[in-house]
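Colleague: I have just opened this structure and would love a guided tour. Could you show me how to read its features?

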Amino acid sequence: MDQNNQLEKPSLYDIVLKREWSYYTGAVLIVIFAMALCMVGSTWGVSGALGTWGSMFLGLFGIDTATVFNNNTSNYSFFANQASITDIGLLLGASIACLLAAQWKIRNIKHYKQALAAIIGGLLMGVGAKMAGGCNIGGLFSQLPQFSLAA
């Protein structure tokens with residue numbers, strides 16, 4: 001048999017990083033990670049750290065935010081704060097998901113208005129999540145491991 005006619009077996013790199021993953025695979029992985037988070041810690045909270053980060057940022061400019069955000073940032077430790085670690089994990093996970101879906105692309109910003117709109121949109125999402133007392137990400141991942149239909 002001619003070796004040129006044999007189909008080459010794809011490498012692990014090709015399978016994991018070059019081919020798109022199905023939505024089912026992604027859903028199963030999300031449920032597994034959400035269950036693991038509940039087993040080692042507590043429910044997933046994402047928007048709780050936003051107020052702390054915002055007050056620390058405003059504190060750089062000398063603005064006292066303890067009365068606005070009802071928190072004291074003097075004894076804040078990033079690595080001891082579960083919500084902060086979860087937020088970083090969320091950003092890394094989204095980046096990995098883009099890589100696995102073969103959708104990672106670096107694009108040029110055509111106009112400064114695009115960057116400004118993205119920044120304002122992100123800030124408004126954070127403010128809305130803080131005003132609502134939570135976000136839909138926490139609601140989803142807190143209820144998935146409990147097999148709740150609300151998730």
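Modeller: Gladly! Let's begin with the surface: the chain's accessible surface is about 11,900 Å², and 66% of that belongs to carbon and sulfur atoms. Please keep in mind that this is a predicted model.

Colleague: How many helices and strands are there in the chain?

Modeller: The chain has seven helices and zero strands. Following the sequence, you would write the pattern as α-α-α-α-α-α-α.

Colleague: Where in the chain is confidence lowest, and where is it highest?

Modeller: A general caution comes before the numbers. Where pLDDT is low, predicted coordinates should not be read in detail. In this chain the average pLDDT is 76, and 83% of the residues score at least 70. Confidence is lowest in helix α4, residues 66-69, with a mean of 64. It is highest in helix α6, residues 112-131, at 85.

Colleague: What share of the residues is buried?

Modeller: Of the 151 residues in the chain, 15% are buried. As for contacts, take those with a sequence separation of 6 or more: 62% of them join residues 24 or more positions apart.

Colleague: Where does UniProt place the feature "transmembrane region"?

Modeller: The UniProt entry, which is unreviewed, places it at residues 21-46, 83-104 and 116-141. Let's look at one of these segments, residues 83-104. Over that stretch the chain is 82% helix and 0% strand, and the C-alpha atoms at its ends are 26 Å apart.

Colleague: Is Asp87 buried or exposed?

Modeller: Burial is judged by relative accessible area, and the cut-off for buried is under 20%. Asp87 has 5% relative accessibility, so it counts as buried. You will find Asp87 in helix α5, which covers residues 82-100. Setting aside residues up to four places away in sequence, Asp87 touches Gly45, Val46, Ala49, Leu50 and Trp53.

Colleague: And which residues does Ser84 touch?

Modeller: With sequence neighbours up to four places away again left out, Ser84 touches Ala49, Trp53, Tyr76 and Phe78. Ser84 also sits in helix α5. Its relative accessibility is 1%, and therefore Ser84 counts as buried. One of its partners deserves a closer look: the side chains of Ser84 and Trp53 make a polar contact at 3.1 Å.

Colleague: How should I read an aromatic pair, and how many are there?

Modeller: Two values describe a pair of aromatic rings: the distance between the centres and the angle between the planes. The count here is one aromatic pair. That pair is Phe57 with Phe61, whose ring centres are 5.3 Å apart and whose planes meet at 80°. Planes over 60 degrees apart count as edge-to-face, and this pair is edge-to-face.

Colleague: Are those two rings' residues buried or exposed?

Modeller: Phe57 has a relative accessible area of 48%, so it is partly exposed. Phe61 has 58%, so it is exposed. The cut-off for exposed is over 50%.

Colleague: How far apart are Met56 and Ala66 in space?

Modeller: From C-alpha to C-alpha, Met56 and Ala66 are 9.8 Å apart, while in sequence they are ten residues apart. Met56 belongs to helix α3, which runs over residues 48-59. At 33% relative accessibility, Met56 counts as partly exposed.

Colleague: Let's finish with a loop. Where is Ile109 found?

Modeller: Ile109 lies in the loop between α5 and α6. Its relative accessibility is 57%, so Ile109 counts as exposed. Apart from neighbours within four places in sequence, Ile109 is in contact with Gln114 and Ala115.

Colleague: Thank you, that gives me a good way in!

Definitions and conventions. Residues numbered from 1 in each chain as written. Heavy atoms only, no water. UniProt positions renumbered as here; feature names shortened; annotations may be inferred. Helix = DSSP H or I, 4+ residues; strand = E, 2+ residues; numbered from the N terminus. Buried < 20%, exposed > 50% of the residue type's maximum accessible area, 1.4 Å probe, protein only. Contact = heavy atoms within 4.5 Å. Polar contact = N/O pair within 3.5 Å; in protein donor to acceptor, adjacent residues only side chain to side chain. Areas by Shrake-Rupley, 256 points an atom, 1.4 Å probe, with all protein chains shown as cover. pLDDT = per-residue confidence, 0-100. Phe/Tyr/Trp six-rings, centres within 6.5 Å; stacked < 30°, edge-to-face > 60°.
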